[in-house]
Amino acid sequence: MSENIKLMQGNEAIAEGAMIAGCDFFAGYPITPSSEVSEILSAKLTKKGHIVIQMEDEIAALGAVLGAALGGAKALTATSGPGMSLKSEHIGYASMCEIPCVIVNVMRGGPSTGNPTLPSQADIMQAKWGTHGDHAIIAITPSSVNESFYETIRALNLAVKYRTPVLILTDEIIGHMREKVIIPEKDTLEIIDVKLPDVPPSEYKPYNYKSGKVTPLAPMGEGYRYHVTGLSHGETGFPTAKMEVLQDMQNWLIDKIYKNIKDIEKYEETMTEDADILIVAYGSVSRSAKAALSMARAGGIKAGLFRPITIWPFPEERIKELSKKIKKILVPEMNMGQIILEVQRAACNNIVKGLNIVSGEPITPDKIYLKIKEMM
Amino acid sequence: MPKTTIKFDYDKYLRKDTLPHIWCPGCGDGIILKSLLRAIDKLQYKKDDVVITSGIGCASRLPGYVDFNTIHTTHGRALTFAIGIKMYKPRLKVITVSGDGDALAIGGNHFIHAARRNIDMTLIVFNNYTYGMTGGQSSPTQPYGSLATTTPYGSVEPPFDTCELAKAAGATWVARSTSYHAVQLEKLIADALTHKGFSVLEVITNCHISYGRRNKMKSPVEMIKYQKEKAVPNRSAGNMTPEELTGRFKTGLIYEKKDSLEFVEETYKQLELIKQ
């Protein structure tokens, strides 16, 4: 089989990945630097007969996505910082009501309007904690155009599998750069489709958390009539204030993600076996970190790289293991220090330092290399 | 006057295990709920084909009590969910119920854009002039000079006219009724549901607890009387001077435009044309 290689922009790869994964509904609102996702889907997803709609605001875009998802759609939206802030309430609604959806955030600087055309990684903690109330979230940080393609497919799969919002956090660099993407044959991909429950409507409980398994979300209009509410609800979906149910439901929202962390987490390690210093980096910064790693090795420093691809839930167990033998850890980020907090928590006995650049310029390999030398 | 009796088996549509409802004794919302069920029954819609979305507030609790596909969404955003599911599955009959604060304050943007698109859905706005669930704060339909907990010295804001707003924004079927006019209400809901395009029905409903109590209408009876006396059938309103209409509201069909471009149909027509 000859490889089908295409040159693509990061945002384009997300659109293409979504289409091959069976995304059949998109609602968006224009925002730099993510608009290409909606522009490309407007031109191409529609040709497959699917709805692409530009809503009146960011909140409405996710509202429409959730409405379509309740009808059985594999639905996606794309935005950036200010749009993420506006979408936060509906991300909580999707968590609470266990509605699958994928939200792409091509990160730019902030707070507020920030720097729409410059890269940033400042929404990492927002992704985890942006909406009010306790919940678990899945967030993915691709570091290349090719990975943007494949991780979008995985994001749509995870959303359906765990009935949860999944965030894809790229940044302006990944979103706008052009690289090759190896387009697979569709039948070689694992695609998780929306399906009807395996019980008849009379036995269907949309929030059957007591089973310990994620119940498929029955597409509305197919005979499974049920109620969806953002109020705390029991297994039938109707509001409740029963204390034991409130506790169980809250536990469930977190357990269904964290008890399946082995299935959800994904990371890449480079030269960690013999490393004396570990770099933890994700997204576009991890590319510079990889180059800095080569520079360090050439300079006689045994550096290693740990690159989370799933950033939430954070792969803290692996960091804990690595921290037993690697005592120094460097966390370069295009923010004022966000994922470093997770690393420090997992590696609490180690020297963990950050390299934080928020001027809108990429963190270059030499800056990371200098910091490595300083730490050694 | 011909005697009208309403005999109807509501149990067929109620989720009885979710009752009693949360509405206060004497609230008008139950009358709207029952009128909605009679209208749906008259149209012989299959329960599986009906989707009801709502936002937050007293009115928005309605979907939980009725046996359809029901979505109690976030404050003000019910129409966005409705648009999503309607566009994805156009065969479904999508109805949104919303209060005046939900539809016209926090949800105002979605209201005007749903109207602009003329999407084939129905919005029923339960207008009780107040935020009843949170205890009677000022609403965008609150009459000038009236009292609320956040306008203790009287409102100095002009209120929205829901029907004029809907019409101006592009809705192609607009009507008003009240929780007093239950027979008319049922008929108007049925007409709204069968209209092709975005239909907006405002229903003046009584909240004697949070609104009436502060505005010299302590009992449901006084409020129902207010609805009866202040309502002006739209067909008679043309003969009245603006002075005569002050403090009153028009009821019945306010505006209808047939054969306008409808969003779902237009979209799917285009999808068919560009199909690969």
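Which residue stands opposite B:I71 in strand 2 of chain B, on the chain A side? A:V228 does. This is a predicted model.

**The sheet**

Start with the whole sheet. It is open and has 9 strands. Their order is 9(A)-2(B)-1(B)-3(B)-4(B)-8(B)-7(B)-10(B)-9(B), and the pairing is mixed. Strand 9 of chain A and strand 9 (231–233) of chain B stand at the edges. Each has a single partner strand, so one side of each is left without a neighbour in the sheet. On average, neighbouring strands of this sheet are turned by 20 degrees against each other, direction ignored.

**Three parallel pairs**

The table lists pairs of strands with their bridges.

| Strand | Partner | Bridges | Sense | Residues standing opposite |
|---|---|---|---|---|
| Strand 9 of chain A (residues 227–229) | Strand 2 of chain B | 3 bridges | parallel | A:V228 and B:I71 |
| Strand 1 of chain B (residues 50–54) | Strand 2 of chain B | 4 bridges | parallel | B:T53 and B:I71 |
| Strand 4 of chain B (residues 122–127) | Strand 8 of chain B (residues 199–204) | 6 bridges | parallel | B:V125 and B:E202 |

**Strand 2 of chain B**

Look at B:I71 again. A:V228 stands opposite B:I71, and so does B:T53. Strand 2 of chain B pairs with strand 9 of chain A and also with strand 1 of chain B.

Now follow the side chains. In a regular strand they alternate between the two faces of the sheet. Strand 2 (residues 69–72) of chain B has B:N69 and B:I71 pointing one way. B:T70 and B:H72 point the other way. Are these four residues buried or exposed? All are buried.

Key
Residues are numbered from 1 along each chain as its sequence is written. Chains are lettered from A and ligands numbered from 1 in the order in which they are written. This is a predicted model: local features need pLDDT of at least 70, side-chain atom pairs count only at pLDDT 80 or more; totals for chains, interfaces and linings use all residues. A residue is buried if 20 or more other C-beta atoms lie within 10 Å of its own, exposed if 12 or fewer, and partly exposed in between; C-beta atoms are placed from the backbone. Helices (H or I, at least four residues) and strands (E, at least two) are DSSP runs, numbered from the N terminus. Two strands pair if DSSP finds at least two bridges between them. Axes are lines fitted to C-alpha atoms, for helices over the stretch in contact, and angles run from 0 to 180 degrees between N-to-C directions.
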